[in-house]
Amino acid sequence: MRIGIVGTGHVGGTLAELFEKAGHEVAVANSRGPETLRGLSEQLGPQVHPATAEEAARFGDIVVVSVPVGRYPDLPAGPMAGRTVIDTGNYYPERDGHLPELDDDRTTSSELLQEHLAGARVVKAFNTMRWDHLRDHGRQSSAMQRYGLPVSGDDVGAKRQVFDLIEQVGFEPVDAGSLADGGRRQQPGTEIYLAELTGGELHDRLGAP
Ligand SMILES: NC(=O)c1ccc[n+]([C@@H]2O[C@H](COP(=O)([O-])OP(=O)(O)OC[C@H]3O[C@@H](n4cnc5c(N)ncnc54)[C@H](OP(=O)(O)O)[C@@H]3O)[C@@H](O)[C@H]2O)c1
């Protein structure tokens, strides 16, 4: 599969490595331009291509957005239309600036991204685990107990694609519900955030979506 990654920092860079190891072709982008990602692509191999954000969005059957939430308005909406977009973002007002609709809990950061990327199918995932644990804690044998990662979204087919991807990189996907409901249940400050739970434990804590 072809995967675009917009935001290739701690989380996006880690996912690029995990997806490449799982056999996918990956286009990586950041805010400074493809030339600043040549080192990463040389390190990870020929299946990882430096790109602009627009190019990475067009490249991917699935596109990962892994930028600070305050940067969502900068993202190119046109090329992401029709794509499954994975949102790894977490709202931190001290980093992102205060967004009153999030401070008042009127909506969630993933719904804001969905609004901006009209036509895309946004799925929130890979946001509850620290980047270095994402890098190190995947378990390839499904005979071993795997760590769980919650998945929220409004499109069943898009969620299924993200479930498959999570399984391929050694974690257990757990359905957390819709972007509104599940998005709230997997954001910073919740009992599952950074909690390092097995799939079974995560399932029990989330209850039925
Ligand atoms: N760190 C963690 O352990 C962790 C875990 C789960 C979720 N998260 C969440 O995931 C998101 C990314 O976190 P991170 O720790 O990976 O951040 P990071 O290391 O600071 O990386 C952010 C990336 O976003 C890029 N970027 C910023 N604005 C952009 C724009 N307008 N267009 C394209 N790329 C842009 C940056 O590019 P430049 O460097 O070129 O500016 C950088 O590659 C955040 O919302 C964070 O809260 C973080």
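Which residues is His-24 in contact with, leaving aside its neighbours within four places in sequence? Keep that in mind while you open the model, which is predicted.

**Stop 1: strand β2.** Select residues 25–29. This is strand β2, and it is mostly covered. Four of its five residues are buried.

**Stop 2: strand β1.** Now add residues 2–6, strand β1. β1 and β2 run parallel, joined by five bridges. Pick out Ile-5 and look across to β2: Val-28 stands opposite.

**Stop 3: helix α1.** Select residues 10–21. Helix α1 joins β1 and β2 in a right-handed β-α-β unit.

**Stop 4: strand β3.** Go to residues 48–50. Strand β3 runs parallel to β2, and three bridges join the two. Return to Val-28, then find Pro-50 in β3: these residues stand opposite each other.

**Stop 5: helix α2.** Select residues 38–44. Together with β2 and β3, helix α2 makes a right-handed β-α-β unit.

**Stop 6: His-24.** Look in the loop between α1 and β2 to find His-24. Is His-24 buried or exposed? His-24 counts as buried because its relative accessibility is 6%, and the cut-off for buried is under 20%.

Show the side chains of His-24 and Gln-168 next. A polar contact of 2.5 Å joins them.

Now for the opening question. Beyond its neighbours within four places in sequence, His-24 is in contact with Met-1, Ile-3, Phe-19, Gln-47, Leu-165 and Gln-168. Select these six to end the tour.

Technical notes: Residues numbered from 1 in each chain as written. Predicted model: local features only at pLDDT ≥ 70, side-chain atom pairs only at ≥ 80, totals over all residues. Heavy atoms only, no water. Buried < 20%, exposed > 50% of the residue type's maximum accessible area, 1.4 Å probe, protein only. Pairing = 2+ DSSP bridges. Right-handed = clockwise from strand over helix to strand, strands pointing away. Polar contact = N/O pair within 3.5 Å; in protein donor to acceptor, adjacent residues only side chain to side chain. Contact = heavy atoms within 4.5 Å.
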